[in-house]
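Dear colleague,

Please find below the structure that I am handing over to you. A short account of what was found in it follows.

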Amino acid sequence: MNKFKLSILTGALLSSSAAFAQITAITNATVHTQTAQGVLENATVLIEDGKIKAVNPKSFNADVTVDAQGKVLTPGLIGSMNHLGLVEVGAVSRSVDAYDKSGIEFDPSTAFNPRSSLIPYARKGGVTQNISVPSLPWGESGVFMGLAFVADLSGEFGSVTDRKTALIVDLGAVSGDASRASAMQSFTKKLAEQEKKLKSKKDKKKDKDPTSEEKLLIDVLKGDLPVVAYASRASQLLELIALKEKFGLNLIIYGANDAVLVKEQLAKAEVPVIVSAVSNLPSGFDALHAHLGNAGELEQAGVKVILNVAGDGSHNVYQMRFDAGIAVANGMSHDGALKAMTVNVADAFGIEGGKIAKGERADVVLWTADPFEFNTRVDKVWINGESVTTESRHDKLRERYTTDSNMPRGYTK
């Protein structure tokens, strides 16, 4: 019996291994590689074992061949700075896992729900990965919000691909009697104290093991853990650049409505900036320079721009490609806008994806036409080399309410 069971197990493992090793060829595609190769016409992309095996091989053998018929193939888009997978209905607190006030160490990744109805909808917008972030509870203020994480949008359990991706800090305007200065001082003090501890330990033979908070701060000071800072006022952006230089931070700035005023300094300091392409109204005194042309102006100045959906990005990350189209209409290059949702995100956060090149993660999207056009739709999506459905709850609702039936309109047979 043991030998029989072993033979069944061995056969099952070999069968699953063979299935996973399936080679998929996407042929006759217009490939936006997001590499030095640029855009390739009538190109072929091979996918195997979750990776891109080759681009334009001289010859190939494939188990599955998809003829793109000239359609556009891009890397999967990467959403960021939202609560996707951590929220279902924002007004229902028991469906929200993004808020906590425990500070630096708060890691919400274990609460990620891959079966959230928001995830299939995001896939329909060509989003294949997302950087989800924590927030402080409503009405709470503080500097340290917690840790971001990365998940693919396959909808499968185990889809969190990177934990502790970045430390999120809020250094912007707050209501009440708190000051921007005190927020910056708190952050600076925390870094300085940890740096002092590291220097003093060099002269000691026996050291206590660092706490979990200290380990995170050590990674920040080493540049291994990126810091995403919420800030928009130009003077604060300059303070952050100085802080980056002082402590060697791997800094990313989010919000940055005044970034155009200090674009040369941001470019020189190589600080990526996350902006909303449709932010064009001053929501406060930190956003007086919000404008539809900001993304393009920052790109032209040499700043690495990342586009995201402001406001309720968890429910609306689907529309990120349309926001990018608006950025292109207002001065951003088409290639720059695509980079701002793919390779720029991956590079800034140090994660896989964002390119179509040999050895890269096989997250790719086949579009019926230019992805920034409103009437373009997603034709096919591959996440980690596997084809995934583009059906969402919205499709099911449409079918439910448009199917002919003798039953009341709210029901189907």
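**Aromatic pairs and overall form**

Tyr121 has a relative accessibility of 21% and therefore counts as partly exposed. Please bear in mind, for this and for everything below, that the model is a predicted one.

Tyr121 is a useful place to begin, as it takes part in an aromatic pair with Tyr318. The structure holds 6 aromatic pairs. In the pair of Tyr121 and Tyr318, the ring centres are 4.6 Å apart and the planes meet at 15 degrees; because planes under 30 degrees apart count as stacked, this pair is stacked. Tyr121 belongs to helix H2 (residues 118-123), whereas Tyr318 sits in the loop between helix H8 (313-316) and helix H9 (320-329), so the pair ties together parts that are 197 residues apart in sequence. Both residues also belong to one aromatic cluster, which is formed by Tyr121, Tyr318, Phe322 and Phe374.

A further pair consists of Tyr230 and Tyr254, whose ring centres lie 4.8 Å apart. Their planes stand at 75 degrees, so the pair is edge-to-face. This pair, too, links distant parts of the chain: Tyr230 is in strand E10 (residues 227-231) and Tyr254 in strand E11 (residues 251-255), 24 residues apart. Are these two tyrosines buried or exposed? Tyr230 has a relative accessible area of 17% and is therefore buried. Tyr254, at 13% relative accessibility, counts as buried as well. The cut-off behind both statements is a relative accessible area of under 20%.

Turning to the protein as a whole, there are 12 helices and 16 strands. The radius of gyration is 23 Å, close to the 22 Å that the globule rule gives for 413 residues, so the protein is as compact as a globular protein of that length. Along the principal axes, the C-alpha atoms fill a box of roughly 60 × 60 × 55 Å. Of the contacts with a separation of 6 or more, 67% are between residues 24 or more positions apart.

Buried residues make up 48% of the 413 residues. The protein exposes about 20,300 Å², and carbon and sulfur atoms supply 50% of this area. As for charge, there are 46 positive and 48 negative side chains, and the centres of the two sets are 5 Å apart.

Yours sincerely

Methods
Residues are numbered from 1 along each chain as its sequence is written. This is a predicted model: local features need pLDDT of at least 70, side-chain atom pairs count only at pLDDT 80 or more; totals for chains, interfaces and linings use all residues. Side-chain values use heavy atoms; hydrogens and water are left out. Helices (H or I, at least four residues) and strands (E, at least two) are DSSP runs, numbered from the N terminus. The radius of gyration is taken over C-alpha atoms; the globule rule is 2.2 Å times the number of residues to the power 0.38. Buried means under 20% relative accessible area, exposed over 50%, partly exposed in between (1.4 Å probe, protein chains only). Contact means heavy atoms within 4.5 Å. Accessible areas come from the Shrake-Rupley method with a 1.4 Å probe; for residues, only the protein chains shown count as cover. Lys and Arg count as positive and Asp and Glu as negative; His and the chain ends are not counted. The place of a charge is taken as NZ of Lys, CZ of Arg, CG of Asp or CD of Glu. Rings of Phe, Tyr and Trp (its six-membered ring) pair if their centres lie within 6.5 Å; planes under 30 degrees apart count as stacked, over 60 as edge-to-face and the rest as tilted.
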